Amino acid sequence: MRIRQPIGTVVFLTLLCVTSSSCFAQPAHSAQPATENTGAISYKPGPPPSEFVPDPKDYPTILLWPNGAPGSEKDKSHGEVYRTARSSASYTDDILVVSQVNSPSLTVFLPPKKIATGTAVIVAPGGGFRELWITVEGYRVADWLSQQGIAAFVLKYRLPRETGSPYTMNDALADMQRAIRTVKSRAAEWGIDPSHVGIMGFSAGSILAGIAGQHFDERVNPPVDAIDQLSARPAFEALIYGTPFTGMRGAKPLVAGVRKDTPPTFLLGGGNDPISARYPEVYQMLKDAGVPVELHIYDGIGHGFGIQP
């Protein structure tokens, strides 16, 4: 089946996922900065063990800027680090968490050509902008999407809230904008319709996706090549248990208002998640601005569920 409407693709795939039992395991993490305690967390220097990452022969990783991301010279002294965690359904560690990202990248999950729809989704994992829960909110999501005929790309973006980070939210936004442009620039090679490139974020990644949906026509960095001349507007956005439109615990929203040309938006969260409690308000904000929007909140589910095994 070829799904022609981008927002329909997100609705179809997300609903199919969240109504399956695999997605309703206990939350893997709490990625919201207000509730996260990273003080006792210990990381190991990368690269992580091969069993925690997709086989590069089948799922290549490409750097968004082969010659280095603008601003990454701020932190050349620290390489990427990682830790592992355990999902509720596993007896051993099966989740990879990474931090200290200095070289933003995309890991490519292409669907079999016989089922390819031409739609692409850039997937941004969460982790409070301190780390990336890249297994449950990245690799597993992208693998599932590719099995449904959707090209998926897992984004490693720079983290402005990790301890000692030299980066800002603008650096993370630059990574998302570059990711959208990069996928569009290679659309013919990957069998993608460049007008059907959307974004999907989880928790902090959802906040980043929402920001990108509001600032797609604002350049963060001067153009460095032809890729930067392409539009950074996503065809649609799926914001999963995270939003920049409301603040938590008195904090100010990260975006002011909603523009009328915001991409069609899909909102998804758990009924036991305090972040999702304000999703009806976000839905109304988008609807009042004339943005096509859907809202789904699932009873008995908390924050950070991702895709569980």
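Let's start with strands β10, residues 237-240, and β11, residues 265-270: 4 bridges join them, and the two run parallel. If you want a spot to look at, find Leu239, which stands opposite Leu267 in β11. Please keep in mind that what we have here is a predicted model.

Now let's widen the view. Which order do the strands of the sheet follow? Reading across, it goes β2-β5-β8-β6-β9-β10-β11-β12, so to speak our map for today. That makes an open sheet of 8 strands, with mixed pairing. At the edges stand β2 (61-63) and β12 (293-298); each has a single partner strand, so one side of each is left without a neighbour in the sheet. On average, neighbouring strands are turned by 20 degrees against each other, direction ignored.

What packs on this sheet? Helix α3 does, and it touches β2, β5 (105-109), β6 (120-124), β8 (151-156) and β9 (197-202). The direction of α3 makes about 155 degrees with that of β6.

Let's stay with α3, residues 169-185, and bring in helix α5, residues 204-214. How do their axes meet? They come within 10 Å and cross at roughly 75 degrees, which makes α3 roughly perpendicular to α5. On the α3 side you'll find Met169, Ala172, Leu173 and Met176, and they meet Leu208, Ala209, Ile211 and Ala212 in α5. By class, this contact has 8 nonpolar residues, with no polar and no charged ones.

Just along the chain, in the loop between β8 and α3, you can find Ser165. Is Ser165 buried or exposed? Its relative accessible area is 17%, and the cut-off for buried is under 20%, so Ser165 is buried. Leaving aside neighbours within four places in sequence, Ser165 is in contact with Leu159 and Pro160.

My last stop is helix α6, residues 279-288. Which of its residues are buried? They are Tyr279, Val282 and Leu286. Seen down the axis of α6, these buried residues fall within an arc of 55 degrees, so they line one face of the helix. And what do they pack against? The answer brings back some names we've met: α5, β10, β11 and β12. After α6 comes Gly290, and its phi is positive, near 85 degrees.

So, to go back to where we began: β10 and β11 run parallel, and the buried residues of α6 pack against both of these strands, along with α5 and β12. Thanks for listening, everyone!

Technical notes:
Residues are numbered from 1 along each chain as its sequence is written. This is a predicted model: local features need pLDDT of at least 70, side-chain atom pairs count only at pLDDT 80 or more; totals for chains, interfaces and linings use all residues. Side-chain values use heavy atoms; hydrogens and water are left out. Axes are lines fitted to C-alpha atoms, for helices over the stretch in contact, and angles run from 0 to 180 degrees between N-to-C directions. Angles under 35 degrees count as roughly parallel, over 145 as roughly antiparallel, 65 to 115 as roughly perpendicular and the rest as oblique. Contact means heavy atoms within 4.5 Å. Ala, Val, Leu, Ile, Met, Phe, Trp, Tyr, Cys and Pro count as nonpolar, Asp, Glu, Lys and Arg as charged, and the others, Gly among them, as polar. Two strands pair if DSSP finds at least two bridges between them. Buried means under 20% relative accessible area, exposed over 50%, partly exposed in between (1.4 Å probe, protein chains only). The arc is that of the directions from the helix axis to the C-beta atoms.
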